[in-house]
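This report concerns the site of the bound ligand and the residues around it. Please consult the sequence and the structure shown below.

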Amino acid sequence: MNIPLIDLKAQNKAIGSELMNQIENVMSSTQFIMGPEVKAFEMNFSKYLGVKHAISCGNGTDALVIALEALGIGEGDEVITTPYTFFATGESIAYVGATPVFVDVEADSFNIDVTKIEAAITPRTKAIMPVHLFGNACDMDEIMQIADRNNLYVIEDACQAIGGEYKGRKLGTIGHIACFSFFPTKNLGAAGDGGMIIANDDQIAIICKAIKAHGSGENGQKASNFLNGMTEEIIIDQNEDNTVYNPFKYYNYLIGHNSRLDEIQAAILNVKLKYLDEWNTARIDHAEVYTQTLHPFEQSLKFTLPKVASHVKHVYHMYILRAENKSALIQHLKDNGVSTGVYYPVPLHLQKAFLQLGYKKGDFPVAEYLSERTFAIPMYAELTHSQQMSICEIIKRFRL
Ligand SMILES: *Cc1c(COP(=O)(O)O)cnc(C)c1O
C-alpha cells in the first residue's frame, strides 16, 4: 500500500477530460495571454469571495509583492508577519526593500499571536501580513482593530486558505488587500503557477492591475494619475478592440512586472472553481475522521491534533500533527507506505536568507517548538475512507 501526501492524479481521474476540453479550446483560440478565460476567472473569483476586484497574476509570491508595492511599501518600511510560514511571505516583504518584523505564533492555531503584535509596532511599521496557515484563520477581528488603532494596512496571505472562513466571512475579504496562490497543490490548484490579488479599494485595484503588466495602457495611466495626484486626461478609443490589439499597451506610465495568469491556467481554474466548495467539504470531513479516530491516542502516543476555534471554517490545506517523536513517527509511516511532509522545518527568522535581519535561535520559541514537531499526513479531497482508516491503524501501531 502506498498513500501519497497529495494525490493530483485522483483529481485528474475525476475531471481530467473536462480540463482537456478547456485546454483544447484555448489552443484553438490561440489567445494565450489576457483573454476571455482570464477575464471570466477574475469575475468568477470575485463573485466567489463577494469582493469588488480580483486581479490575477503569475503566482502567489508575485501577488504579495504587487500588493505591497500597490500600498506604497518599500525601503525603510517595516511589515509585521509570522516566522512560521512558507518562505514567500517574508521574501515578498524583503523583495520590495522593506523589513520583515517577525512576531511569534500561537501553539494551537499555528498563526500569529495577536497579543504580541502591538509590542512590535514602530514608527516605521506600515502593515501587518497575517498568514492563514494550513487553511486555519488568524484572529482577524483583533488584527483589524490593532491595524485601525495604529493606522496600518492588513495584507492577508490567504494562499493556503481559499474558501476558509472567519466568523462567517471568507478569508481574504477582511484585510485591505489579500493574496492567493494557485500552485498545483493548493486547495484550488492550476496546472502550473498562478496567483490572485483581492482588493475592495478602486485605486489600489487599478495600481495592482497596472503594475502586474508593465504599468502600461489605460490602467497604467490611471494608476500613475492616482500616485502623482494628477488628472491627466485618459483618452481611450472605444472602437478599438483592446483584447486583441491594444494600442495603449506600448505607452508605459509605471515600472511594473510581467506577472500575468495565462489563459490555459485560467481555463483550468474556471473548471476547478466550480468544485472548490465540494472539495473543501471533503477535506473538512476527512479532518473530522482523523481527529475522531486519533483523538484517544494523543496522550499515549504523544502527539497533538489540529485545534479549530468554533467561529472558524478551517479548509485543511494540510492536516498537521504535532509530535514529540516526530522523526520516529514519520519513519514508521514511511515504512508502512504512508507519505508525510514537513511544514516547516526552518522558521523564517532562522533562514540563511534572513541572516542580515539579526535574529537568533530562541527569539520565537513557539515557532521553533512547532518547526521541530509538526508534519502533515495525507490530505486531499479524493482521499478514501479506507485509506484514512489504514493511516489511522498504522499510527495506532506506533510505539514510542
Ligand atoms: C504557496 C504560498 C505562497 C506563494 O505562492 P506561490 O504561488 O507558490 O508563489 C505564499 N504564501 C504562502 C503561505 C503559501 O503557502
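## The pocket that holds the ligand

In this predicted model, the ligand takes up the space of the second largest pocket. That pocket encloses about 350 Å³ of space. Its lining consists of 23 residues, and those nearest the centre of the pocket are Phe-86, Gln-160, Ser-181, Phe-183 and Lys-186.

By class, the lining of the second largest pocket comprises ten nonpolar, ten polar and three charged residues. Helix 3 and helix 4 each supply at least two residues of this lining; helix 3 gives the most, with three.

## The shell around the ligand

The ligand is surrounded by 14 residues, the closest being Gly-60, Thr-61, Gln-160, Ser-181 and Lys-186. This shell divides into five nonpolar, seven polar and two charged residues.

Which element gives the most to the shell around the ligand? Helix 3 does, with three residues.

## Polar contacts and burial

Two oxygen contacts and one nitrogen contact of the ligand are described here. A polar backbone atom of Gly-60 lies 2.7 Å from an oxygen atom of the ligand. A polar side-chain atom of Ser-181 is 2.6 Å from an oxygen atom of the ligand, while a nitrogen atom of the ligand is 2.8 Å from a polar side-chain atom of Asp-157.

Taken alone, the ligand exposes 380 Å², and the protein buries 94% of that area.

Technical notes. Residues are numbered from 1 along each chain as its sequence is written. This is a predicted model: local features need pLDDT of at least 70, side-chain atom pairs count only at pLDDT 80 or more; totals for chains, interfaces and linings use all residues. Side-chain values use heavy atoms; hydrogens and water are left out. A residue is near a molecule or strand if one of its heavy atoms lies within 4 Å of it. A polar contact is a pair of N or O atoms within 3.5 Å; within protein, one must be able to donate a hydrogen and the other to accept it, and residues adjacent in sequence count only if both atoms are side-chain atoms. Accessible areas come from the Shrake-Rupley method with a 1.4 Å probe; for residues, only the protein chains shown count as cover. On a 1 Å grid over the protein atoms alone, a cavity is a set of points where a 1.4 Å probe fits but cannot get out, and a pocket is an open set with protein on both sides within 12 Å along at least five of seven lines; lining residues have an atom within 4 Å of a point. A molecule sits in a cavity or pocket if more than half of its atoms lie within 2 Å of its grid points. Helices (H or I, at least four residues) and strands (E, at least two) are DSSP runs, numbered from the N terminus. Ala, Val, Leu, Ile, Met, Phe, Trp, Tyr, Cys and Pro count as nonpolar, Asp, Glu, Lys and Arg as charged, and the others, Gly among them, as polar. Grid points are joined across faces, edges and corners, and a volume is the space filled by probe spheres set on the points.
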